[in-house]
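Q: I should like to learn how the features of a protein model are read, one at a time. Could we take an example and work through it together?
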Amino acid sequence: MQIQNAYLTHNRPKTRRSRTTAIAVHWVANPNSTAMANRNYFNTTSRAVSSNYIIGLQGEILCCIPDEETSWCTNEANSYTVSVECCHPDWTGCFTGKTYTSLVKLTARLCQKYHLDPQNGGVIRHYDVTRKICPKWFVPASRGGSDTNDERHWKQFLHDVAQQMQRGSTAIPTPAAEPDSYRVRVTVDALRIRKGAGTSYAITGCIRDKGVYTIIKTCGNWGKLKSGAGWICLGYCRKL
Ligand SMILES: [Zn+2]
């Protein structure tokens, strides 16, 4: 799972939550719009709306606000929830397979990070807070949504997140840093991540936070990111 940082410069209150007791799931309610288009909307609208994450139609994950910080997404629950918005192709609110898979993985990772039980209140819908039809795919038909009245979509999702948490802890061990690893600070606003050590390799992401990253392997002027996201050109970094 790869997360691209595309932090907002507007509608980001920069308030750290003192507690995080749930992950709140949403739909963007704008069929066929992309994750980046929704992110750009948050960044320019005069309305006070934003989200920690947005998942796109291809399963891409944008982080708009670091998940330790408050976003303006879930009304009175903003102070204790991480918000995740999902794109969708049409007005049924059904997610693409790729969006759904990313939503399961991201939610599982956040539940692990904040020690939440998805099947015991650790994952909620916007609907649970305000009765808004959001996300529509997980709201029962009797309330205007696209789920069955016994909430089969929603229950399956919570089950899938719980399963992913179990899988995640066994199948995907965190790789230990190699002894010759070192840290660098990115010095440019946007630094492309590539599949291999050179500009001929495909772009797999972009670093936009001028943050500190750990390099575990060096090849010429290129360094391999510890996260597994790919390689970056060290000419745009300062070694720490
Ligand atoms: Zn919502």
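A: Certainly; please keep in mind that this is a predicted model. Let us begin with N32, which is placed in the loop between β2 and α1. At 53% relative accessibility, N32 counts as exposed, because the limit for that class is over 50%.

Q: What is the phi of N32, and what is its sign?
A: As a general idea, most residues other than glycine have a negative phi. In this model the phi of N32 is near 70°, a positive value in a residue other than glycine. A29 also has a positive phi, near 55°. A29 lies in the loop between β2 and α1, and with 35% relative accessibility A29 counts as partly exposed.

Q: Where is there a cis peptide bond?
A: The general expectation is that most peptide bonds are trans. Here a cis peptide bond joins C134 and P135, with omega at about -10°. P135 belongs to the loop between α3 and α4.

Q: Which residues are the protein donors of the zinc ion?
A: To read a metal site, one looks for the donor atoms and then for their places in the sequence. The zinc ion has H26 (ND1), H126 (ND1) and C134 (SG) as its protein donors, at 2.1 to 2.3 Å. Along the sequence these donor residues follow the spacing H-x99-H-x7-C. H26 lies in strand β2 (residues 22-27) and C134 in the loop between α3 (126-130) and α4 (152-171), so this pair ties together parts that are 108 residues apart in sequence.

Q: Are H26 and C134 buried or exposed?
A: A residue is called buried when its relative accessible area is under 20%. H26 has 1% relative accessibility and therefore counts as buried. C134, with a relative accessible area of 2%, is buried as well.

Q: How should one read the surroundings of a buried residue, and with which residues is T81 in contact?
A: One asks for its element, its accessibility and its contacts in turn. T81 is found in strand β5 (residues 81-86) and is buried, with a relative accessible area of 1%. Its side chain reaches the backbone oxygen of A77 at 2.7 Å. Leaving aside neighbours within four places in sequence, T81 is in contact with R17, A22, A24, N52, T74 and I124.

Q: Where is A6 found, and what is in contact with it?
A: A6 is found in the loop between β1 (3-5) and β2. At 3% relative accessibility, A6 counts as buried. Beyond its neighbours within four places in sequence, A6 is in contact with M36, R39, L62, C63, C64 and R208. By contrast, 22 Å separates the C-alpha atoms of A6 and P89, which are 83 residues apart along the chain.

Q: How is a pocket read, and how much space lies in the second largest pocket?
A: Rolling a probe the size of a water molecule over the atoms shows where empty space is left. In this model the second largest pocket holds about 440 Å³ of space. It is lined by 24 residues, of which F42, R47, V49, E85 and K132 are the closest to its centre. The elements giving two or more residues to this lining are β2 and α1 (35-44).

Q: Which element gives the largest share of that lining, and how do its residues divide?
A: The largest share, 4 residues, comes from α1. By character, the lining of the second largest pocket divides into 12 nonpolar, 9 polar and 3 charged residues.

Terms used:
Residues are numbered from 1 along each chain as its sequence is written. This is a predicted model: local features need pLDDT of at least 70, side-chain atom pairs count only at pLDDT 80 or more; totals for chains, interfaces and linings use all residues. Side-chain values use heavy atoms; hydrogens and water are left out. Donors are N, O and S atoms within 2.8 Å of the metal (3.2 Å for Na, K and Ca); water is not among the atoms, so sites may look incomplete. Buried means under 20% relative accessible area, exposed over 50%, partly exposed in between (1.4 Å probe, protein chains only). Contact means heavy atoms within 4.5 Å. On a 1 Å grid over the protein atoms alone, a cavity is a set of points where a 1.4 Å probe fits but cannot get out, and a pocket is an open set with protein on both sides within 12 Å along at least five of seven lines; lining residues have an atom within 4 Å of a point. Grid points are joined across faces, edges and corners, and a volume is the space filled by probe spheres set on the points. Ala, Val, Leu, Ile, Met, Phe, Trp, Tyr, Cys and Pro count as nonpolar, Asp, Glu, Lys and Arg as charged, and the others, Gly among them, as polar. A polar contact is a pair of N or O atoms within 3.5 Å; within protein, one must be able to donate a hydrogen and the other to accept it, and residues adjacent in sequence count only if both atoms are side-chain atoms.
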